[in-house]
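Here is a short note for a colleague who is new to reading protein models. Please keep the structure open while going through the points.

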Amino acid sequence: MTTPLVQMKDVCISFGGVKAVDHVSIDLYPGEVVGLLGHNGAGKSTLIKILSGAYKMDSGEIWIDGKKANIHSPRDSRDHNIETIYQTLALADNLDAASNLFLGRELTTPLGFVDDDRQEAETRKIMARLNPNFKKLKEPVSGLSGGQRQSVAIARAVYFKAKILIMDEPTAALGVHETQMVADLIQELKAQGLGIFLISHDTREMMELCDRVSVMKNGQMIGTERVEDVTEDDILSMIILGKNPKRDAA
Amino acid sequence: MSDQTPNPAPSARRSILSTLEVDTRLLGMIGAFVVIALAFQMWTGFKAIPDVMNPIAWFSEGRFMTPRNIFNLSIQTVSVAIMATGMVFVIVTRHIDLSVGALLATTTAVMGMTQTQILPNALGLELGHPLIPWITILAGLLTGALIGGFQGYLIGYQAIPAFIVTLGGLLIWRNVAWHMTDGQTIGPLNETYMLFGGINGTLGVFWSWVVGLLAAVASGVGLLLARRNKLRHEFPVKPAWAEGALIAIVVAAILGFVAVMNAYTVPDRVVARDFERWGCEVAEGCTAGYGIPYSVLLLIAVAIVMTVIAQRTRLGRYIFATGGNPDAAELSGINTKLLTVKIFAMVGVLCALGGIVASARLGYHTNDIGILDELRVIAAAVIGGTALAGGVGTIYGAIIGALIMQSLQSGMAMVGVDAPYQNIVVGFVLVLAVWIDIQYRKLSGAK
């Protein structure tokens, strides 16, 4: 059996007495897409923000590639080749695409200055692959469409050779065509052996894209199922009622 | 992920500007400055010959655009402009610093006390010892960095709003300075130290030309190197004629400035007092121009360093990223708390530099030095296009902003506008400048 890429064991975090994530365990294997489902406030985003270093867990363990990892900051998370694409598209609106792509990891000249030209050249290269229509390299990203902004965020993950990708509602701000492009990209990255955590509200989309889905409610993990074992209705009742009707029946 | 934004056909005038890749905002600010200068030139000319109804005569008789006044404008602008470059970073990261004037007073009090009392009395260096000015300046810069850094710590790590911390700082440091000096004027200051004040320390005609030529060559070569670098990466570049025109304009501007500074001649009696300093063998018939003041060179050096920080370093990139989206910056692994400390420490150092120039120009540390400077500095940064919402601002803009403010004030003083009206006009201009900036952003589609 292969080692899981990520194992989060018995993770807890509270905010002022509210248990946002309550003894949750989850794992992710290479080349796999695991979907996280649940209501708003179920704890999906919080759980994932612990993995990406934005929050510090109160208790629990994170294992990456079979080794125990200490993730205390976004930088630690990046050092473990974890990249996150946030729901809110965490881009600095006033900077151009290249500056955003390399934010926090700028390419520098031998003298230590930011090498804007090289960054732009690299951005051109990767964008030619991901989104050939992308031409506005010099403009602040505030002037870009949702899809273009998303492709900057995705380019960041691809360029830095992420092994673990966290996508928090990557298609929430996108049109139909752009959503399809993200879906294609997920398949491509999966084929390259990346592990992907996907958060979404769209159950149908999740059934298509994911290998397994995990459902959370009120900070607790209701259950994890392979998508071929369940129907969309089963998932919905897990989300709404907090239990899997089939399992309970059995 | 489509990319279908139809571009409207650009007009001919716009295409020339875009071919030259000139920053239209920079052009606008320079335009505003030129309009102000021309207006005061004609107004002063009109006051000189009110009975001649001839605009051209008014223009030629004006006193605003004379070498003497341009020289004075430059040295009056330096102190505020130096601090304004730091204020850009503060405002870009969505903070504010109300304590710069008070901080300037504390640093000049420290420097005044160091050179007139502490070093001569406590350490036994006699007055006029060559080390005194440099130890003094070091002490001032250190004081600025420490106080600024401490305020930055309270803002960044303790999450107290910058407005509150620096409002407190405004009261505290102004009165710390008062306490240190018992409210007395400290002086006279060291001769070498006073060279940074402006008219006391200038390069003279010959060295001004040397510096001007070096600067002209350096900027020409710099532009060409940037072009070559772009070509190497196969990026689009502007046509050769446009590049050539740009270089010509820059070189002409630099040499023109040197020529004006050199054209301000030293009064005969000043030359006669120390003719050897002005490069003459005998006092009779000796004429000399002032040339570039050291304080202006200091401002240029600060401007270059701050621009490089803003555009070419990670620090600068993080400052702008944090201003654009603090959450994104933090998620990208940027330590925004430490960044805040660095920014405010930088402002502290710049306050000390501004303080050196301000006190050296006066020749004393006075109790009211730098009063209301915080407002002038913030206004300069804002007139220069720094957005209070964060993320947007330029160093050159802040310097031109300071220049515009100073031009208005000294221009109005020259034509005899009463003091209250001067402040009313400056207040209007501040609001107007921000309004124009908002309209410009709306039209140009930038946020």
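1. How many bridges join β3(A) to strand β9 of chain A, and do the two run parallel or antiparallel? There are four bridges between β3(A) and β9 (residues 212–217) of chain A, and the two strands run parallel. One pair to look for is A:L36 of β3(A), which stands opposite A:S214 in β9(A). Please bear in mind throughout that this is a predicted model.

2. On its other pairing, β3(A) is joined to β8 (residues 195–199) of chain A by four bridges, again in parallel. Here A:V33 stands opposite A:I196, and A:V34 stands opposite A:F197. Both partners belong to β8(A).

3. Strand β3 of chain A covers residues 33–37, and five of its five residues are buried. The side chains alternate: A:V33, A:G35 and A:L37 point one way, while A:V34 and A:L36 point the other way. Both groups are buried.

4. These pairings belong to an open sheet of six strands in chain A, in the order β6-β7-β8-β3-β9-β10. The pairing in this sheet is mixed. Its edge strands are β6 (82–85) and β10 (220–226) of chain A, each of which pairs on one side only. On average, neighbouring strands of the sheet are turned by 15° against each other, with direction ignored. Helix α5(A) packs on the sheet and touches β6 and β7 (164–168) of chain A. The direction of α5(A) makes about 175° with that of β6(A).

5. Taken as a whole, chain A has nine helices and 10 strands. Its C-alpha trace spans about 65 × 40 × 40 Å along the principal axes. For 250 residues, a compact globule would have a radius of gyration near 18 Å, and the 19 Å of chain A agrees with this. Of the 250 residues of chain A, 46% count as buried. Among contacts in chain A between residues at least 6 apart in sequence, 64% join residues at least 24 apart.

6. Next, the nonpolar core. In soluble globular proteins, nonpolar side chains tend to be buried together. The largest nonpolar core here has 169 residues, and the members that touch the most others are A:F197, B:A84, B:M87, B:A380 and B:A381. Helix α15 (residues 336–362) of chain B gives the most to this core, with 16 residues. A second, separate core has six residues, among them B:A37, B:W43, B:W58 and B:F64.

7. A:F197 deserves a separate look. Leaving out residues up to four places away in sequence, A:F197 touches A:L28, A:V34, A:L36, A:I48, A:I166 and A:M167. Two of these names, A:V34 and A:L36, have already come up as residues that point the other way from β3(A) than A:V33, A:G35 and A:L37.

8. Which elements of chain A supply at least two residues each to the side that touches chain B? In total, 34 residues of chain A are in contact with 29 residues of chain B. On the side of chain A that touches chain B, α2 (74–79), α4 (116–130), α5 (146–159) and α6 (176–191) each supply at least two residues. The residues of that side divide into 14 nonpolar, 12 polar and eight charged. Helix α5(A) thus appears twice in this note: at the contact with chain B and packed on the sheet.

9. Some backbone details should be checked by eye. Most residues other than glycine have a negative phi, and most peptide bonds are trans. A:E169 is not a glycine, yet has a positive phi of about 50°. A:E169 is found in the loop between β7 and α6 of chain A. Is A:E169 buried or partly exposed? A:E169 counts as partly exposed, because 19 C-beta neighbours lie inside 10 Å, while a buried residue needs 20 or more.

10. Chain B offers a similar case. B:L372, also not a glycine, has a positive phi of about 65°. B:L372 sits in the loop between α15 and α16 (373–383) of chain B. With 10 other C-beta atoms within 10 Å, B:L372 is exposed.

11. The last point is a peptide bond. The bond from B:G187 to B:P188 is cis, with omega near -5°. B:P188 lies in the loop between α7 (162–181) and α8 (191–194) of chain B.

Methods: Residues are numbered from 1 along each chain as its sequence is written. Chains are lettered from A and ligands numbered from 1 in the order in which they are written. This is a predicted model: local features need pLDDT of at least 70, side-chain atom pairs count only at pLDDT 80 or more; totals for chains, interfaces and linings use all residues. Two residues are in contact if their C-beta atoms, placed from the backbone, lie within 7 Å. Ala, Val, Leu, Ile, Met, Phe, Trp, Tyr, Cys and Pro count as nonpolar, Asp, Glu, Lys and Arg as charged, and the others, Gly among them, as polar. A residue is buried if 20 or more other C-beta atoms lie within 10 Å of its own, exposed if 12 or fewer, and partly exposed in between; C-beta atoms are placed from the backbone. Two strands pair if DSSP finds at least two bridges between them. Axes are lines fitted to C-alpha atoms, for helices over the stretch in contact, and angles run from 0 to 180 degrees between N-to-C directions. A nonpolar core is a set of buried Ala, Val, Leu, Ile, Met, Phe, Trp, Tyr and Cys residues joined through C-beta atoms within 7 Å. The radius of gyration is taken over C-alpha atoms; the globule rule is 2.2 Å times the number of residues to the power 0.38.
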